Amino acid sequence: MDIKSFLSDISAIPGPSGREKPVAERFRDLFAPLTDEVTIDAMYNVIAHKKGTGPRVMLAAHMDEIALIVERIEEDGAIRLGSIGGVDPRILPGMAVTVHAATPLFGIIGAKPPHLLTRDEFDKNYAREDLFADVGLPGQEVFKQVRIGDIVTFNTPMTELLNNRVACKSMDDRACAGILLEAAERLTRMHTCADIYFVVTTQEEVGAMGANAAAFDIAPDLAIGLDVCHAALPDSKPDTTSELDSPCATIGPFIQPKLHKRLMNCAEEHHIKVQTDVSERDTYTDCDEIQVSRSGVPTVLLSLPLKYMHTSVELIDTGVLKECGRLIAHFLAELSPGWEEDLWI
């Protein structure tokens, strides 16, 4: 798979939480030649099934992105914004956006410039209430074309950097959906008896609702969640970040320990470097909902380190993405009947 072309394509498709249909349709088309059956459920989860006679495995990475929503329109046409998911208002000034009105409108996020700020305003960070989208139209035209509740997405094409790294919006978590595609493609050349469900989930940024529904429907024997984690930055605390150069496996109370050990043993056998991340309680990923579905699902979490999370320049290493896909493919290929005999004891 051409990872960079995939990321450039998939990141450009709008898909905020609850409005994922366009990106879901694209993922359906991408999985179709790699699996036996692909469906889109009522919540826009994409479920790609590679049929097998062994254990039923659910793999989950989410497609939804953080975004903005029109809350109010000022008389001069300035569009006041709410947020969908965790949008930090400090990243917004100067950002290019698309307002998804009946006819999409290009816009920018404006704010009062420093020259016009009062002393009290100057000493504070921008609040979301201080910001607005400007689409260049007079107020009466904005009122005609834009409606309260219209979605506003970041408008930032992917940027290629050196050393196989790229930066763009929505790498959280579409880059991890790319891991699922990489694994599915590798498995077309490998043998596995596992009954595999590649699931690209929805509404993760607002509570992992899509994963909840999909896990209930699939009723997997075990699951692997894929999401991003924080890569190291200058002045970041070492115990809160991971290096950008290799995958990261989580350990903690929401992670099934022997399944985690099996994943780490597989990585060692295939010479794949994997770091360890610790989650004291929730992982804040799809895993939290999957592992308590029905009567419980043994679950592990594999993460792709990412810099600048929840911004328009989320940065990943595409080589690490491919290594994650290689690890997942080998892990699935080595699952066989009786895999669970040593899981609980």
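Ala267 lies in helix α7, which covers residues 257-269. A quick word of caution before going further: this is a predicted model. With that in mind, here is a tour that starts at Ala267, then moves through the cores, the buried polar residues, the salt bridges and a few backbone oddities.

**Ala267 and its surroundings**

- Ala267 counts as buried, because its relative accessibility is just 2% and the cut-off for buried is under 20%.
- Leaving out residues up to four places away in sequence, Ala267 touches Ile272, Val274 and Leu327.
- One of those partners comes from well along the chain: Leu327 is 60 residues from Ala267 in sequence, yet their C-alpha atoms are 6.2 Å apart in space.

**Nonpolar cores and a surface patch**

- The largest nonpolar core has 62 residues, and the members that touch the most others are Leu7, Phe27, Phe198 and Leu304.
- Helix α5 (residues 171-187) is the top contributor to this core, giving 10 residues.
- Looking at Leu7 in particular, and skipping residues up to four places away in sequence, you'll find it touching Met158, Val166, Met171, Ala175, Ile316, Thr318 and Leu321.
- There is also a second, separate core of 21 residues, with Leu68, Met95, Ala101 and Val146 among them.
- Out on the surface, Leu233, Tyr308 and Val313 make up a nonpolar patch, and together they have about 240 Å² of accessible area.
- Leu233 sits in the loop between β13 (222-230) and β14 (248-251), and with a relative accessible area of 32% this residue is partly exposed.

**A buried asparagine**

- Asn45 is in the loop between β1 (37-40) and β2 (46-50).
- Is Asn45 buried or exposed? Asn45 is buried, with a relative accessible area of 0%.
- The Asn45 side chain reaches the backbone oxygen of Gly210 at 2.9 Å.
- Neighbours within four places in sequence aside, the contacts of Asn45 are Thr39, Ile40, Val199, Val200, Thr201, Thr202, Gly210, Ala211 and Ala214.

**Salt bridges**

- The structure holds 17 salt bridges. As background, side chains of opposite charge can pair when their charged atoms come close.
- Arg174 pairs with Glu65, and their closest N and O atoms are 3.2 Å apart. Arg174 is in helix α5 and Glu65 is in the loop between β3 (56-62) and β4 (67-73), so this bridge ties together parts that are 109 residues apart in sequence.
- Both partners are buried: Arg174 has a relative accessible area of 0%, and Glu65 has 2%.
- Lys322 and Glu182 also meet in a salt bridge, at 3.4 Å from N to O. That pair links distant parts of the chain, with Lys322 in helix α9 (residues 318-333) and Glu182 in helix α5, 140 residues apart.
- The two ends of this second bridge sit in unlike settings: Lys322 is partly exposed at 29% relative accessibility, whereas Glu182 is buried at 2%.
- Besides Lys322, Glu182 touches Met1, Ile3 and Gly325, not counting residues up to four places away in sequence.
- Asp282 forms a salt bridge with Arg281, with the closest N and O atoms 4.0 Å apart. Here Asp282 is partly exposed at 28% relative accessible area, and Arg281 is exposed at 62%.
- Shared salt-bridge partners join Glu65, Lys169 and Arg174 into one network.

**Backbone oddities**

- Most residues other than glycine have a negative phi, and most peptide bonds are trans. The spots below go the other way.
- A cis peptide bond joins Asp172 and Asp173, with omega at about 20 degrees. Asp173 belongs to helix α5.
- Asn163 has a positive phi, near 65 degrees, and is not a glycine. Asn163 lies in the loop between β10 (159-160) and β11 (165-168), where it counts as exposed at 54% relative accessibility.
- Ala208 also has a positive phi, about 60 degrees, without being a glycine. Ala208 is in the loop between β12 (195-201) and α6 (209-218), and this residue is buried, with a relative accessible area of 4%.

Notes
Residues numbered from 1 in each chain as written. Predicted model: local features only at pLDDT ≥ 70, side-chain atom pairs only at ≥ 80, totals over all residues. Heavy atoms only, no water. Core = buried A, V, L, I, M, F, W, Y, C linked by side-chain atoms within 4.5 Å. Buried < 20%, exposed > 50% of the residue type's maximum accessible area, 1.4 Å probe, protein only. Helix = DSSP H or I, 4+ residues; strand = E, 2+ residues; numbered from the N terminus. Contact = heavy atoms within 4.5 Å. Patch = residues over 30% accessible without salt bridge, like charges linked within 9 Å, V, L, I, M, F, W, Y side chains within 5 Å. Areas by Shrake-Rupley, 256 points an atom, 1.4 Å probe, with all protein chains shown as cover. Salt bridge = Lys/Arg side-chain N within 4 Å of Asp/Glu carboxyl O. Polar contact = N/O pair within 3.5 Å; in protein donor to acceptor, adjacent residues only side chain to side chain.
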